[in-house]
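Biologist: I would like a close look at a single part of this protein, the strand that sits in the middle of your description, together with whatever surrounds it. Please take me through it step by step.

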Amino acid sequence: DEAGAKREIRRIIAWQRTHDLYLICEKESGLPIGFAGLERIKPHVHRVSCLVIAPAHRLRGYGGQAMRLLENISAAQDGRELFYAAADANHAGCALAAFCGFALHHTEDIRNPGDKPPCAIRIYCKKLQPPVSRSMLPPV
């Protein structure tokens, strides 16, 4: 529901005050349509802390573009592995992981606050390639 989505967005924004957060804007209008976060969890290992695209802008490739950007940022910060989590029921999130070349690492059940039943989470991992240095590119 919309109220639940707004609560979740506020929770993520509060948490992201101490983490890297990137605003996703539509190129044509310049308006924000989502946000993505990246967190270093140990040397050479990062995780996507959040990736949210507004419902009206989903299924247009923005999620894949944002994920590639997070991969590039992680690799530029000496990341060698990138983790991404999606609820088992989040079919779009799981499809995004497959589309972007992530492999299923493991699954875990998490407890939700209140009376909600536990939720199965899929944890994905992708090995990252070092970024290509501009000096290694052929001249144009």
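Modeller: A residue counts as buried under 20% relative accessible area, as exposed over 50%, and as partly exposed in between. With a relative accessibility of 27%, H44 therefore belongs to the partly exposed residues. Please keep in mind that this is a predicted model.

H44 is a good place to begin, since the residue lies in the loop between β2 (32-42) and β3. Its phi is positive, near 70 degrees, although H44 is not a glycine. The two strands on either side form a hairpin with two residues between them, and H44 is in that turn. β2 and β3 run antiparallel and are joined by eight bridges, and within this pairing R40 is found opposite H46 of β3.

β3 itself, which spans residues 45-53, has seven of its nine residues buried, so the strand is largely enclosed by the rest of the structure. β3 also pairs with β4, here in the parallel sense and over three bridges, with H46 standing opposite L82 of β4. H46 thus appears in both pairings, facing R40 and facing L82. From β3 the chain crosses through α2 to β4, and this β-α-β crossover is right-handed. On the way, in the loop between β3 and α2, comes L59, another residue that has a positive phi without being a glycine, in this case about 65 degrees. L59 is exposed, its relative accessible area being 89%.

The surroundings of β3 can next be followed through the nonpolar side chains. The largest nonpolar core has 21 residues, and those with the most contacts inside it are I24, V48, M67, L82, Y84, F102 and Y124. At least two residues of this core come from each of β2, β3, α2, β4 and α3, and the largest share, five residues, is that of α2. Apart from this core lies another one, of five residues, which include V45, F83, I121 and C125.

Aromatic rings form part of the picture as well, and a pair of such rings is described by the distance of the centres and the angle of the planes. The count of aromatic pairs in the model is two. In one of them, the rings of Y84 and F102 have centres 5.9 Å apart and planes at 55 degrees, so the pair is tilted. Y84 belongs to strand β4 and F102 to the loop between α3 and β5 (103-110), so this pair ties together parts that are 18 residues apart in sequence. Both partners are buried, Y84 with a relative accessible area of 8% and F102 with one of 7%. Ring pairs link Y84, F102 and Y124 into a cluster. Leaving aside neighbours within four places in sequence, the contacts of Y124 include L82, Y84 and A86, along with C94, A97 and F102.

A86, one of those contacts of Y124, is found in strand β4 and is buried, with a relative accessible area of 3%. Not counting residues up to four places away in sequence, A86 touches G93, C94, I121, R122 and Y124. Between A86 and P32 the separation is 54 residues in sequence and 23 Å in space, C-alpha to C-alpha.

The contacts of A86 with G93 and C94 lead to helix α3, residues 91-99, whose buried residues are G93, C94, L96 and A97. Seen down the axis of α3, these buried residues fall within an arc of 155 degrees, so they line one face of the helix. The face turned away from that buried side carries the exposed residues H91, A92, A98 and F99. Among the elements that cover the buried residues of α3 are β3, α2 (62-76), β4 (81-87) and β6 (119-127), which brings us back to the strand you asked about. After α3 comes G101, whose phi is positive, near 85 degrees.

Methods. Residues are numbered from 1 along each chain as its sequence is written. This is a predicted model: local features need pLDDT of at least 70, side-chain atom pairs count only at pLDDT 80 or more; totals for chains, interfaces and linings use all residues. Side-chain values use heavy atoms; hydrogens and water are left out. Buried means under 20% relative accessible area, exposed over 50%, partly exposed in between (1.4 Å probe, protein chains only). Helices (H or I, at least four residues) and strands (E, at least two) are DSSP runs, numbered from the N terminus. The arc is that of the directions from the helix axis to the C-beta atoms. Contact means heavy atoms within 4.5 Å. Rings of Phe, Tyr and Trp (its six-membered ring) pair if their centres lie within 6.5 Å; planes under 30 degrees apart count as stacked, over 60 as edge-to-face and the rest as tilted. Two strands pair if DSSP finds at least two bridges between them. A crossover is right-handed if, with the strands pointing away from the viewer, the path from the first strand over the helix to the second runs clockwise. A nonpolar core is a set of buried Ala, Val, Leu, Ile, Met, Phe, Trp, Tyr and Cys residues joined through side-chain atoms within 4.5 Å.
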